[in-house]
Every structure is written in structure tokens, then in C-alpha cells.
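Here are some numbered notes to read alongside the structure. Please keep the sequence and the 3D view open together, and look for each feature as it is named.

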Amino acid sequence: MTATTIDGRAVAAKVRAEVARDVAALPAPPGLATVLVGDDPASAVYVRSKRRQCVEAGMLDLHRHLPGDIEQSAAAAVVDRLADDPRVTAILLQLPLPPQLDAAALIDRIPPEKDVDGLTESSAGRLALGRPGLRPCTPTGVLALLDEHGVALAGAHAVVVGRSDLVGKPMAQLLLGRDATVTVCHSRTRDLAATCRQADVLVVAAGVPHLVTANAVRPGATVIDVGIHRTNAGLCGDVDAGSVRAVAGALTPVPGGVGPMTIAMLLRNTVAAARAH
Ligand SMILES: Nc1nc2c(c(=O)[nH]1)N[C@@H](CN(C=O)c1ccc(C(=O)N[C@@H](CCC(=O)O)C(=O)O)cc1)CN2
């Protein structure tokens, strides 16, 4: 068996076209404020893509690039100005932030209605309680890929590897909301491979290159690789695609899988924020 490739680029392109149509129908273009602190090369690539795709969709690009050594109070003042700016529909702080900054405190200065990353306490609480709200982009993008690929989640056993605020935790909650039976693995999980082999749907968001190999995949399972790592050999994920491709029923590639969906969901969340305004 060779796994079917789940084409994130194609699905993301469909979403972007839908977003562009939705933006054209709005009374005014939404403003997306991307805040980049410092000069981390990977973050710069992602923010550049977000800004480009924001403009291509017809939105206003309201970018802020802050020095990497900025103090907490100064960063907070920038967020507060964006929060009060009527041109700003949506705010995101590109993560990770430099170590001197308290990311959670800065994120929580974003008004819930502008929190298109879905990372504030308010957004996270609404997700946990099953109430409407803006959801984190990557987990939402994973759900969109599973839906587009026709994966039945109700009653399925989903295993999530990783428990980050950005992906693992909201991913588990979103899958639970779709009536999957959810197991969350992490660095303290004993016999990770045995747990992963139970999965009908395996979402790997551990941040460890090639963590999951073929021995951890049940034949025919759907495997979603959220990882992205820059190596001398190029980009790779948390899944050893070379070996897993021979066992899985479906697999997302890196690059070209979850990554493009993260940005597509950001744009979709920005339209949702504009509509709720
Ligand atoms: N505030 C946030 N920070 C971060 C998030 C987030 O959702 N919100 N997610 C990740 C990084 N990320 C978005 O910022 C992201 C990662 C990867 C891609 C992507 O399109 N990857 C391409 C390859 C791009 C490349 O050449 O490197 C792919 O996988 O095909 C988009 C967004 C952490 N920070």
C-alpha cells in the first residue's frame, strides 16, 4: 500500500478563493495586523506569506515589525494601539516571541473579537466549553483537510501527539467536538508507538523531526504531519514520510500539507472577525 497524499496546497487554494469572494462582499476590507518581533528567519518567511496572501485576498496589510530586544511594556503598548485601532479587524503575534517577553500576557491584550489565532484565554475557554469563537489556525486547518479528504471522525479513534497551546490541546478539543475518541500523547507517554498504532487518525504535532516511523502507524490509518523542520536535506516533518508512506492510508506532505492550511484558516478567521464586527 502507498498512502494517498492529502494535498494541503490544493485545499488551501480553494479556501483562499472562497475568502477572496467573501472579502469582496464585505462593506470594507478587513485589516490584518501581523506583529513580528525580531528577525527569526522562519517566522519572517511565515509572516511574509501571511501578508502576501492577505493582500491577494483583498484585505489591508497592517504589519508591525518590532525590534527583537523590545521590552514587555513597549510591546504591550503596540498591541494596545492595534486593539484600539478601528482599521484593525484582526491581530496576530507571530510565535515564538523572544525570551524576554511574556507571550501569554501580550496575547491576552488582544480583544477576543480580533483574536484570529484563537490563542487568548477567552478564545481557549470558549473552545473548551464548546461555545462559538475563533479557533487556532493549524488545528482548524487539520480538520478542513480531514473533511475535504472525507475522513469520518465520529466514533473514530484519533491520537494527537503533542500538547501545545497552539496545536495539540485545541486539536484534541476540536476532534472531541466531532465525536472522535481522542488520546493525547506527549513526552511522558510510555510506549508512544503502541499508542499511536491504535489511531484511525494520527495527528503528529510534537516538534520532533521524524519522531513517528512506520512501526507507529496502523496500516491504512490517516496520518497528519504538523511538524516543519529545516534540515540540511531540506524541509521535513515530525513523521518519517519515507517509511510511513508504505503503511498509512493517507498522509500529508511536508511541505505542502498542513502549513498552507494554517494561513488559509487565518484568512478565513479574519473574514469571520470582520463579519462579527
Ligand atoms: N501566531 C502564530 N504563530 C505561529 C503559528 C500560528 O498559527 N500562529 N504557527 C507556526 C508557523 N506558521 C504560522 O505562523 C506556519 C508554518 C508553516 C507554514 C507553511 O506554509 N509552510 C510551508 C513551507 C514554507 C517554507 O518554505 O518554510 C509548507 O508546509 O508547505 C505556514 C505558517 C508557528 N508560529
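1. P96 is a good place to begin in this predicted model, and P96 sits in the loop that runs between β5 and α4 (103–107). The peptide bond joining L95 and P96 is cis, with an omega of about 0 degrees. As background for a first reading, most peptide bonds are trans.

2. Which other pair of residues should be looked up for a cis peptide bond? V254 and P255 are joined by one, and here too omega is about 0 degrees. P255 belongs to the loop between β12 (250–251) and α10.

3. A further backbone detail concerns D191, a residue other than glycine whose phi is positive, near 50 degrees. This residue can be found in the loop between β7 (181–185) and α8 (192–196). In general, most residues other than glycine have a negative phi.

4. The domain assignment of the protein chain gives domain 1 (28–112) and domain 2 (136–258), and the C-alpha centres of the two domains lie 28 Å apart. Why can the ligand be said to lie between domain 1 and domain 2? Because both domains give residues to the shell around the ligand, it lies between them.

5. The space that the ligand takes is the largest pocket, and there are 17 residues around the ligand, of which K50, L93, D117, R230 and G256 come nearest. Sorted by class, the shell consists of ten nonpolar, four polar and three charged residues.

6. Which elements each supply at least two residues of this shell? They are α2 (41–56), β5 (90–93) and α10 (258–276), and the largest share, four residues, comes from α10.

7. Several distances deserve a careful look in the 3D view, beginning with K50, where a polar side-chain atom lies 2.8 Å from an oxygen atom of the ligand. In D117, a polar side-chain atom lies 2.6 Å from a nitrogen atom of the ligand. With G256 the protein partner is a polar backbone atom, and an oxygen atom of the ligand is 2.7 Å from it. Taken on its own, the ligand has 690 Å² of accessible area, and the protein covers 82% of that area.

Note on methods: Residues numbered from 1 in each chain as written. Predicted model: local features only at pLDDT ≥ 70, side-chain atom pairs only at ≥ 80, totals over all residues. Heavy atoms only, no water. Near = heavy atom within 4 Å. Polar contact = N/O pair within 3.5 Å; in protein donor to acceptor, adjacent residues only side chain to side chain. Areas by Shrake-Rupley, 256 points an atom, 1.4 Å probe, with all protein chains shown as cover. 1 Å grid on protein atoms, 1.4 Å probe; cavity = no way out; pocket = protein on both sides within 12 Å on 5 of 7 lines; lining within 4 Å. Sits in = over half its atoms within 2 Å of the grid points. Nonpolar A, V, L, I, M, F, W, Y, C, P; charged D, E, K, R; others polar. Domains from an automatic or database assignment.
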